[in-house]
Amino acid sequence: MDLGESVAETSTSTGSGGAWAIEARGLGKHYRRGWALRDCSFRLPAGRICGLVGPNGAGKSTLLGLATRQIQPTEGELRLFGVPVSRPEVLPKFAFLGQDKPLYKRFTVAETLRMGGELNPGWDGAAAERIVRAGDVPLHAAVGTLSGGQRTRVAFALAFGKRPDLLLLDEPMSDLDPLAREEMSSLLMAEAVERGTTVMMSSHMLTELEDMCDYLLVVAEGRVRMAGDADALVPAHALVTGVAEDGAPPAALTRHTVIETRVRGRQFQAMVRPRGPLSGDWRVSEPSLEEVLLAHLRSPDAPALYTPGATADPQEGRTA
């Protein structure tokens with residue numbers, strides 16, 4: 001089945017917005033240099049772990065800035081659990097952890113957790129301390145003396161101690177070594193599953209996303225290119241390999257939605273979304289998630305792809 005240009009809607013938001021952790025309708029942000037994000041419409045169901053993917057400058061950090069109220073939108077609407085993000089009651093619903101993890105280096109770990117309790121009315125001190133102790137991080141140590149992995153664990157403890165419904169992450173593990181990344185990824189998965197927390201995580205580590213995420217949001221050049229269930233997005237594609245015709249892919253491929261073609265010598269390789277049987281003297285295989293993501297990131301002009309329920313009508317729900 002081709003999930004491409006025509007979007008099938010199979011579910012709608014409830015009146016309270018409980019079905020959707022994030023809803024964006026025609027969301028955009030314009031700076032003097034141009035649009036950082038434009039015509040962004042998507043839905044993230046509650047309880048999912050979503051990978052936010054895109055090259056540098058694609059609009060990922062802008063989207064997270066809009067969701068965390070650090071940036072004001074130029075156009076459109078953004079809701080968290082049915083509540084407009086501009087309203088103060090959304091503040092307890094989310095926690096944000098960025099790449100820089102701004103912690104007070106002179107505070108001890110215990111003082112940092114105590115600060116979390118003072119600033120957050122719904123603070124779960126027992127859970128925050130459990131996350132820290134599980135990594136053998138000494139509570140009396142100053143944050144500035146900790147390793148990168150230990151500081152990231154403390155930052156995660158602050159985030160989960162808030163008991164957020166939505167956790168927004170902007171490359172929080174990019175500075176960790178592979179062992180620490182694996183440890184933090186396991187911690188994130190365990191805590192999110194136990195609490196039913198919705199997670200949106202920006203990352204350039206595509207293999208990491210494949211292991212952790214069941215939902216994807218792909219942005220390029222400020223626009224959404226793919227959104228929806230990872231288990232449906234990947235099977236909607238096929239990787240076709242065969243002999244090139246006069247240095248080009250076969251003309252018969254044009255019956256399908258071609259995302260990307262690459263010719264090397266006499267061989268071609270194409271990422272396509274089939275519109276019916278792929279008939280020809282070709283080898284057809286199912287691509288990996290990483291191959292699908294890379295093809296779309298290299299071809300930002302390809303038709304956008306949403307799985308059912310992953311998009312929202314920009315006009316729906318707007319008030320005069």
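These are my notebook entries on the fold, the salt bridges and a few single residues of this protein.

**Entry 1: the whole chain**

I began with the status of the coordinates, and I note that this is a predicted model. I then went through the secondary structure, which comes to eight helices and 15 strands. The radius of gyration is 22 Å, close to the 20 Å that the globule rule gives for 320 residues, so the protein is as compact as a globular protein of that length. For the extent of the C-alpha trace I wrote down about 70 × 50 × 40 Å along the principal axes.

What share of the 320 residues is buried? I find that buried residues make up 52% of them. The accessible surface comes to about 15000 Å², and carbon and sulfur atoms account for 49% of that area. I also looked at how contacts are spread along the sequence: among those between residues at least 6 apart, 71% join residues at least 24 apart.

**Entry 2: charges and salt bridges**

I counted charged side chains next and obtained 35 positive and 40 negative ones, with the centres of the two sets 6 Å apart. Side chains of opposite charge can pair when their charged atoms come close. My search of the whole structure for such pairs finds 15 salt bridges, and I took several of them one by one.

The side chains of arginine 25 and glutamate 23 meet in a salt bridge with an N to O distance of 2.9 Å. Are these two residues buried or exposed? Arginine 25 has a relative accessible area of 6% and is therefore buried, and glutamate 23 is buried as well, with a value of 4%; the cut-off for buried is under 20%.

For arginine 79 and glutamate 77 I noted a salt bridge of 3.0 Å, again from N to O. Glutamate 77 counts as buried because its relative accessibility is 17%, which falls under the limit of 20%.

The pair of arginine 87 and glutamate 89 has its closest N and O atoms 2.6 Å apart. Here I found arginine 87 partly exposed at 40% relative accessibility, and glutamate 89 likewise partly exposed at 35%.

Beyond these pairs, I traced a network of salt bridges that links Asp124, Arg130, Arg163, Glu191 and Arg195.

**Entry 3: the loop between helix 4 and strand 7**

One member of that network, Arg163, sent me to the loop between helix 4 and strand 7 (166-170), where arginine 163 is found. I read its relative accessible area as 47%, so arginine 163 is partly exposed. Most residues other than glycine have a negative phi. With that in mind I checked the backbone, and the phi of arginine 163 is near 55 degrees, a positive value.

Aspartate 165 lies in the loop between helix 4 and strand 7 too, and I list it as partly exposed at 37% relative accessibility. Which residues does aspartate 165 contact, leaving aside its neighbours within four places in sequence? I find Phe81, Lys93, Thr197 and Thr198. I also compared its position with that of alanine 95, which is 70 residues away along the chain, and the two C-alpha atoms are separated by 8.2 Å.

For a second positive phi I turned to arginine 69, whose phi is near 70 degrees. Arginine 69 sits in the loop between helix 1 (60-67) and strand 4 (75-80), and I recorded it as partly exposed, with 29% relative accessibility.

**Entry 4: two buried positions**

I then looked up threonine 152, which is placed in helix 4 (residues 148-161). Its relative accessible area is 0%, so threonine 152 is buried. Setting aside neighbours within four places in sequence, I see threonine 152 in contact with Lys101, Pro172, Leu176 and Met184.

Where is alanine 310 placed? I located alanine 310 in the segment after strand 15 (305-306), and at 0% relative accessibility it counts as buried. Not counting residues up to four places away in sequence, alanine 310 touches Phe42, Arg43, Tyr215, Ala227 and Gly228. I finished with the pair of alanine 310 and serine 41, which are 269 residues apart along the chain while their C-alpha atoms are separated by 8.7 Å.

Terms used. Residues are numbered from 1 along each chain as its sequence is written. This is a predicted model: local features need pLDDT of at least 70, side-chain atom pairs count only at pLDDT 80 or more; totals for chains, interfaces and linings use all residues. Side-chain values use heavy atoms; hydrogens and water are left out. A salt bridge is a side-chain nitrogen of Lys or Arg within 4 Å of a carboxyl oxygen of Asp or Glu. Buried means under 20% relative accessible area, exposed over 50%, partly exposed in between (1.4 Å probe, protein chains only). Helices (H or I, at least four residues) and strands (E, at least two) are DSSP runs, numbered from the N terminus. The radius of gyration is taken over C-alpha atoms; the globule rule is 2.2 Å times the number of residues to the power 0.38. Contact means heavy atoms within 4.5 Å. Accessible areas come from the Shrake-Rupley method with a 1.4 Å probe; for residues, only the protein chains shown count as cover. Lys and Arg count as positive and Asp and Glu as negative; His and the chain ends are not counted. The place of a charge is taken as NZ of Lys, CZ of Arg, CG of Asp or CD of Glu.
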